[in-house]
Structures are given as C-alpha cells and as structure tokens.
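Grab a pencil and work through these exercises with the model open beside you. Try each task yourself before you read its solution.

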Amino acid sequence: MSLPALEWLEPPAVDPSPEAREIAGSDLLACVLARRGVTSPADILSLLNPAGQPAHPPSDLPDLDRGVERIARALQLGQRIGVWGDFDVDGQTSTALLVGALRSLSGDVCYYIPIREKESHGVHIASLRTFLQQGVQLLLTCDTGVTAHEAVEFAAQHGVETIITDHHGLPPALPPAAAVINPQRLPEAHPLRPLCGAGTAYKFIEALCAYLGRPGEEAQWQDLAALGTVADLALLIGENRPLVWRGMEQLRQNPRLAVQAMLENANIKETWLTEEHISFTLAPRLNALGRLSDANPAVEFLLSSSPSQTAVFAAQLEGYNLERRQLCDQVYAAAQNQIRQDPGLLRSPVLILHHPLWPGGVIGIVASRLVEQYQRPVVMLTGHPNGPLRGSARSVEGVHITQAIAETEPLLLGFGGHPMAAGLALPAEKLGAFRRELARAVRRQTAHQVPVGQLTIDAELPLAQINLDLVDHLERLAPFGPGNPPLTFVARSVKLRGEPAEIGRGQEHRRMTVFDPQSETLLEVLWWQSADLPYPQGEFDLAYRLRASTFQGQRRVQGEWVAYHDREGAPIPVAQAALALTDWRSVHAWEDLPAPLPSDALIWAEGLSPRLPGSVDRLGWRPAPVLVIATLPPSRGDLNAALQAVQPQSVILLGIDPGLDDPQTFLTRLSGLVRAVLKRPEPAESLARLAAAMAHPLHNVRLGLEWLAAAGHIHIQISPENQVTFSSGGTPDPTLSQRLEVALRTALQETAAFHAFYQQAAPAVLTAHSPIQS
C-alpha cells in the first residue's frame, strides 16, 4: 500500500536584512524565519528568546477577577472546593495543577475525573450528585464545563456555586456560573486565546497567588501546564510558547518524581527532554490510564513526593501503555484491512471506518495514524449496529473537522471538539447518511477537492552541512508543535546505503542510512510506520527533519524521514518565476495610493461599495502582466487561485479591508444582497457571485444563507452547481439556527485570522504557494 503523493512547497527566495542575520546567528536560520514571516529584528529576538517574553496579565480573561475573588473567599472561610476535571492529559494536568496549588494555599480540596468507559467527557449529573455529597461547597471545573448548563443549574439548586475554567468552543449561551473563564471569549489575536485547559488553569492560579499577596508561587506548576499544552496539541503561539519553554526547563532541571519515574522507564535522560518526549513518551502513558482505566489516581501520582509510590504507579502505567499499544496495532491492522477490501473508501475526501468491537479508548490514536498515512480527515466509529455509534475524528490542516461535523448535527446524538479533533455519537441507522453529509461538508471547505497533503520545505540543507552544533543552533526555535512546526529540510540527489533495518516492537518502522555521493556524507534517519511502504531504489530527493537524540548516554544527530521524490520520473518542482513584489499593505484606502498604477494592471477588489473603478472580482480573473490585490483576499485558497489564473509577472499588495469579518456586519450585508435578488423576476444567483460580493470564501456565504433560512427569514434551494434559488418566508428552526450561528462565527474567525496573517507575513511567503510557471 503506497502513500498519497505529497505536494512539496519549495522554499521561496528571501533576503533577510544584515541585522536579522546577526540576531538569528546564521544565514540558514534567518532565511527560515523570513519564510515563516518573521523578519523584524524585534520579532526574531522575541521568538528565539522565549524566556525573555513577559507573561500576559491573566486579568484579560473575562470573569477571571470574579472567579479569583470567589475562590479566595472560599479559602478564607474554609469552604470545601471540588475540582472537576477530564481524563485526557490536559484534563489530568489541569486537575493536578489546581488541586496542588489550592492545597499549597491551605485549601480544603477534593476532586473528580470522569471515567471514560462509563461517562465520557463533561459534567454528568449522576456523578455530580455523588461528588457534591462529599461536602463540596464550591465547584471548580477545568478543561470542561463551558457547555454544562444542566450541571451548573443542578449544583446551584443544591446551594453550590460553579466556577468554570475551560478552553473548548463556546456555546450560543454560557452556563449560569459564578464565572466562566475561557480564553475563547478573547479576541482572535489575543496572546492568551490559544491556552489549553492546563494553561487556563495556570493563569487562574497565577492571578490567585497575586491576589493573595503571594506572587510568583504559581511558577512551581508551570511544568504541568507545559505537559498539558503539548499533549493537547495546542498552538505554540502567544502565551503558550514561553509557558511551554519555561515548563520544559523546569522538567529538565528539577522534574517532579512522577516525570522522573516515567522517563526512567523509557530510558530517557531528563536533561535532554524535548517536546517530542512529551508527545511520544509521557503523554501516551498518562493517556493510556485515562483511556483504559480510571484517571483519578493520576492526580496524586503527579503530585506525589514519595519515590516508592511514584515508582510503583509508573510501573502500572507501563502495563497500561503496553495494552494501549497492542490495541492500537490491532485496530490499525483491522482498519487497513477494511481499506484493502474496499478501496472506494479512499475516493471520499474523508475516511470513515466502523467496527462494532473496536475499543473506544484507542480509536482516536489510530485515526491520527491514518491521517498521517492518507492525508485526509479520518473518522473512526465503534458500537453495535443496534445501538448508538461513538467515535473520534482527526483532521488535516485546512479542514476544520468539528465545523464540518456540525453541519451534520441533525443526524447526530452529540459532538464536540477542536479544528483538528472531535468526538461524536450517532444512531447506527444514520451512518450512511452521515458518510454522505460529512463528505459534502468537507468538500465545501476544500472547494470540492479531496484534501491533498502539502509539505512545506523550510530550506535546502545538504547532508555535508549537518552536525550536532547546527542541530543545537536550530533548536533555538523549539519547542515545536502546532503553530510552530518542526523544520523540514531537503537533501538533493541522495541514495540509500545498504538495506533498511526494520525496527520497533512490531517491526513497523525502518532505520535507513542515506548517502550523499557528492560529499560522501552519511545520515541515519528513522522512517516511522513505513514497514509496508515502498522505498527508493535509485537517486532521490529526501525531505527530512533533524533532532538531537541520546543513545547510551551520548548525544548524536538523528534524522527523521518525512517524504521523498525519485529523481528519475518523479515530479520535479517547477521553479518559481521571479515575481516583482510591491508591498503597499499599509494602504487602507484607494485614494491613498502612493503612486499611479500601471495601465496594464488587473485590479482585484471585492466587497466594496461602490466598486473600485476598473476592478474585477474573482469571476473576472484573466491573464495580465500586473496583478493588484486591492482588498484582503478571502482565504489562502482564493489568493492561490488568483495568482494561478492571472499568471502575473508583478504583484502589488494593498491592504484595503472590506470590513465584513464581524458576524453582524456580515449578515447585514448578506441580507441586503438577498433582498436585491428577491426583487428579480427570477430570484436566483450563483453562490460564487454572492461570495465575490461578500469578499468571503464560498463556505462562509453558504453558512450565512443557511442561517438566514433556519432563522425563518428566507427559503433557499442550492443546486449541485451551487446555484441558489430564493423565496420569501420560511419556517424557523431554533436548534438548527443556533448550530449554524456557532459554525458561522467559527468560519468568520478563521477568515479574520487569515486576514491578520496576510497583513503581517512576508510578501514572498504569501506568493510562495502558487508557483508561477515561466
């Protein structure tokens, strides 16, 4: 079975300033940063020195002050505080962090983590009733609770107030809690918004310590915040990056006993701990406990000061982890067998698999492996055909899987998640319809194309230039993860030396020796999950990553195989034509142009009223020597499509914002367009023309129209060709309307995030993903 071909995005030419090169410490690192849009000396210094970044004030989080004051009062009155957590690593570390911190502040604390097999995520009334009977006088949630309306009301009926700390997506209305502390309530660009559950809990304790006159005491818990942040795949931007950096320094220099015990069992020296060790060593062990058993003992394990107790429990974790790995291997093999028996499954933009006997605790892990292999979203479901099916979804960059699942909500019993992961439940008889509707939702997000994996190459790096000093130099960009991906290099015209060695407990991985004939240099690389995959026989280009590894106490360079292109008959990257780029993004109004535009320029502008003179929207793209991008492009895909359609030799970038990213403004403008169409003898319009008038992706406009229909304002019919027919009136559907409102807000936030990126990224980065053929 072969992997789908990855599209390699070749590194564009960049020319960092001398000052940028000096601060970065090398031309290689300066160019890598420039390609990632980091060009100013101040931004480079900040990125390479996370320890020097100041912490952002916790008080920016809505309701935080109220929550802190209420907890402080409970501490003063000696009230019992009940911490309710979650069973994944983010939930375990959040719970341990809050319990440990409150105990250190002389709090009377108890805690509860739901048992996955019995309860799943959330705050459940039956367990909450039992928990409150322990004398809980104030309920404090972590990594959960933002949708727990019924539970908050139940607690209030028993005289118990609730403080929610969570980071999951917001419902249309917040629960009636004393405080709802959730970074998703902050603006998109706020540095605290990417916080996970453990990060949110840490900022809460930081504010509490300051309120009680004990500032700085929260620092002892930043290692737990780092563990939760990395394990939860949170974006390593904003506050998360320095928080993880400081937490990992603490783990290296003074690890808590639980971490020491797990690392010893894995034969890893804490001095060289990286975020990869968290992702692939520590997190799986803790996750195995939550997935296969009861995660409550993890709290005392993480807080324990007893070497003997932590050693015993760490040994138990090894058993759970071994069981998890065996189950994952079995489910993975069964999933591959289903695909072999029905190759048509891969014709869908989303891979959906079901088996009644798959253990629910591991299907999410296997889904992640299948995403890596097939480069498309994967949904894995378990459950008997006569009962409800429950499952996990994982996604690829560019597909907001939770938003896609939200569009199938009438078929579901429940769902929730993030852009890259989700959980869901549905009646077994709805599986066929769910397959069809989810595929359609994913196609709408990807412009009706199966998601294709894209691999961004950061730089060319011949094997002869690799050494341990270089790897340590590149490690200045760590910690790596979502939002700060690991560096991917390419080595040209290399060969394999000798036969690959199959390694791993199940011989599922390969260790390869790569040879550069020109410099006669060797590099050992590991290729994960590759035992069944073909490998090159002749010369090839290798995409790879570098880290330092420790073997028998010695540090050495370790390569990681990412992908390869055969040199003979393989796709050869098309060289990018030298685009002339003019950066006028500081121009936010047409009348402020600093100079006349060329007479042969094609002006692309959307969403403005009145239209700019001589401009075209996306329906008017045509080849032209000069492309003026006047208004902010709706998305990366639309920007790429414009460059491909126009094939310019010169691009002028402006920064005029149509101002339609706010949900209210968006819907007001869209409603006006709909009213105009309704006045026509034949009230119909193409979705593409409406999207051009809105300066938004097709998906956003479709969601807006569906919301207007669900709210009862209009009735619509959308043909397979995306032709929309309108009629007045409609039947309100409040449930569907609320769901679509959440989906629309999420989509508009993503568009706003791209607009922010477009305004600050290096011009060469913006044009790099659509090579202009010469």
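The radius of gyration is taken here over C-alpha atoms, and the globule rule is 2.2 Å times the number of residues to the power 0.38. A quick heads-up: this is a predicted model, where local features need pLDDT of at least 70, side-chain atom pairs count only at pLDDT 80 or more, and totals for chains, interfaces and linings use all residues. Residues are numbered from 1 along each chain as its sequence is written, and side-chain values use heavy atoms, with hydrogens and water left out.

**Exercise 1.** Work out what radius of gyration a compact globule of 774 residues would have, and compare it with the chain.

*Solution.* Start with the rule: for 774 residues it gives a radius near 28 Å. Next, look at the chain, which has 27 Å, so the two agree. To finish, check the extents: along its principal axes the C-alpha trace spans about 75 × 75 × 60 Å.

**Exercise 2.** Find what share of the chain is buried.

*Solution.* First, the cut-offs: buried means under 20% relative accessible area, exposed over 50%, and partly exposed in between (1.4 Å probe, protein chains only). Then apply them: 54% of the 774 residues come out as buried.

**Exercise 3.** Check the length of helix H23 (residues 698–710), then ask how enclosed it is.

*Solution.* Helices (H or I, at least four residues) and strands (E, at least two) are DSSP runs, numbered from the N terminus. The expected span of a helix is 1.5 Å times one less than its number of residues. For the 13 residues of H23 that makes 18 Å, and its end C-alpha atoms are 18 Å apart, so the numbers agree. Now for the surroundings: 11 of the 13 residues are buried, so H23 is largely enclosed by the rest of the structure. Among them are Trp707, Arg702 and His699. Just after H23 comes Gly712, with a positive phi near 90 degrees.

**Exercise 4.** Hunt for unusual backbone geometry, keeping in mind that most residues other than glycine have a negative phi, and most peptide bonds are trans.

*Solution.* Take the peptide bonds to begin with. Ala478 and Pro479 are joined by a cis bond, omega about 5 degrees, and Pro479 sits in the loop between helix H19 (468–474) and strand S14 (489–496). The bond from Ser609 to Pro610 is cis too, with omega near 0 degrees.

Now turn to phi. Asp143 isn't a glycine, yet its phi is positive, near 60 degrees; at 2% relative accessibility, Asp143 is buried. Ala695 also has a positive phi, about 60 degrees, and lies in the loop between helix H22 (687–694) and H23. With a relative accessible area of 3%, Ala695 is buried.
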